[in-house]
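Work through the exercises below with the sequence and the model open. Each task is followed by a solution in steps.

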Amino acid sequence: GDVAKMKINIAAPTTGQQKVIEIDDEKRLQNLYDRRVSQEVDGDVLGEEFAGYVFRVSGGNDKQGFPMRQGVLTNTRVRLLCAKGHKCYRPRRAGERKRKSVRGCIVGQDIAVLNLVVTKMGDNPVPGLTDEPVPRRLGPKRANKIRKLFNLEKEDDVRKYVIARTFTNKKGKEIRKAPKIQRLVTPLTLQRKRARKSAKMNSVLRNKEEAAAYKKVVAQRLAEQREARRSLISKRRSTRKSAKRAAEGK
């Protein structure tokens, strides 16, 4: 018959190492079945060397390579309509949705690879997993994060503390690679800040002046209209008077 074989991929976030072990012992695998993604498993289930360790099931793939998806509570495959932001799916254009096969989050016989994460260390280190930490390749890039890492004061120059690596390139030249520090306060950023502020102030002042000028013009127009109306009325009166006089004179 079909011998159940499962690759188990164990990652230790504290050291940055990972290790793949293969288990074909049905009794050991029995303890993994019916576990769900994000449930915890005791280490001695997988073997004596993991005694005292605790692992979290973080995912896996079935025999045909379909990924397990959190929240789909079956141990079979289902076809889900996936949209942007879903696991197991990358939209190729804006708003695209697609029905994809995903494996439910309950571990069963048909899982080929299971991913575990170490949540609690045991007493004895496992070679290749928890014996020596892999150095982080890249240091922090944001100015405040570099400050936090080295406990710097505000006055210290961040650029002196940035983590860089030196290596010799193919031409045999020493090269120093360092990240471009983001959110670094430079004279240029201060200049831009000042420019923004002054532009804002200028626009406020200009608006005030223009509003005042407009009010003045409006007041002037109103006065002119009133004047025109008055002169019109007085003209009418005078014409009427002269007409009256003419009538009396006859």
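**Exercise 1. In which strand does Gln-17 lie, and is Gln-17 buried or exposed?**

Solution. The model used throughout is a predicted one.
- Step 1: Find residues 17-23, which form strand β2; Gln-17 belongs to this strand.
- Step 2: Take the relative accessible area of Gln-17, which is 10%. Buried means under 20%, so Gln-17 is buried.
- Step 3: List the contacts of Gln-17, leaving aside neighbours within four places in sequence. Ile-10, Ala-11 and Ala-12 are among them. The list also includes Gly-128, Leu-129, Thr-130, Asp-131, Glu-132 and Val-134.

**Exercise 2. Which strands pair with β4, and in which sense?**

Solution.
- Step 1: Locate strand β4 at residues 54-62 and strand β3 at residues 40-42. These two pair in the antiparallel sense, over three bridges.
- Step 2: For a residue pair between them, take Asp-42, which has Val-54 of β4 opposite.
- Step 3: Turn to strand β7, residues 111-120, which pairs with β4 over eight bridges, again in the antiparallel sense.
- Step 4: Check one bridge of this pairing: Asp-62 has Ile-111 in β7 as its partner.

**Exercise 3. Describe the hairpin of β8 and β9, then place Thr-168 in it.**

Solution.
- Step 1: Strand β8 covers residues 165-168 and strand β9 covers residues 174-177. Their pairing is antiparallel and has four bridges.
- Step 2: Between the two strands of the hairpin are five residues. In the turn, Gly-172 has a positive phi of about 80 degrees.
- Step 3: Across the pair, Ile-175 in β9 is opposite Phe-167.
- Step 4: Thr-168 is part of β8. Its relative accessibility is 48%, so Thr-168 counts as partly exposed.
- Step 5: Not counting residues up to four places away in sequence, Thr-168 touches Lys-173 and Glu-174.
- Step 6: Compare Thr-168 with Ala-94: they are 74 residues apart in sequence, and their C-alpha atoms are 44 Å apart in space.

**Exercise 4. Where do Asp-34 and Asn-151 lie, and are they buried or exposed?**

Solution.
- Step 1: Asp-34 is in the loop between α1 (26-32) and β3. Its phi is positive, near 70 degrees, and the residue is not a glycine.
- Step 2: The relative accessibility of Asp-34 is 58%. Exposed means over 50%, so Asp-34 is exposed.
- Step 3: Asn-151 is in the loop between α2 (143-150) and β8. Asn-151 has a positive phi of about 50 degrees, although it is not a glycine.
- Step 4: With a relative accessibility of 65%, Asn-151 counts as exposed.

**Exercise 5. How many helices and strands does the protein have, and why is it described as more spread out than a compact globule?**

Solution.
- Step 1: Count three helices and nine strands. Their order along the sequence is β-β-α-β-β-β-β-β-α-β-β-α.
- Step 2: The globule rule gives 18 Å for 250 residues, and the radius of gyration is 40 Å, well over that value, so the protein is more spread out than a compact globule.
- Step 3: Add the span of the C-alpha trace along its principal axes, about 140 × 55 × 40 Å.
- Step 4: Of the 250 residues, 22% are buried.
- Step 5: Among contacts between residues at least 6 apart in sequence, 55% join residues at least 24 apart.

Key. Residues are numbered from 1 along each chain as its sequence is written. This is a predicted model: local features need pLDDT of at least 70, side-chain atom pairs count only at pLDDT 80 or more; totals for chains, interfaces and linings use all residues. Side-chain values use heavy atoms; hydrogens and water are left out. The radius of gyration is taken over C-alpha atoms; the globule rule is 2.2 Å times the number of residues to the power 0.38. Buried means under 20% relative accessible area, exposed over 50%, partly exposed in between (1.4 Å probe, protein chains only). Contact means heavy atoms within 4.5 Å. Two strands pair if DSSP finds at least two bridges between them.
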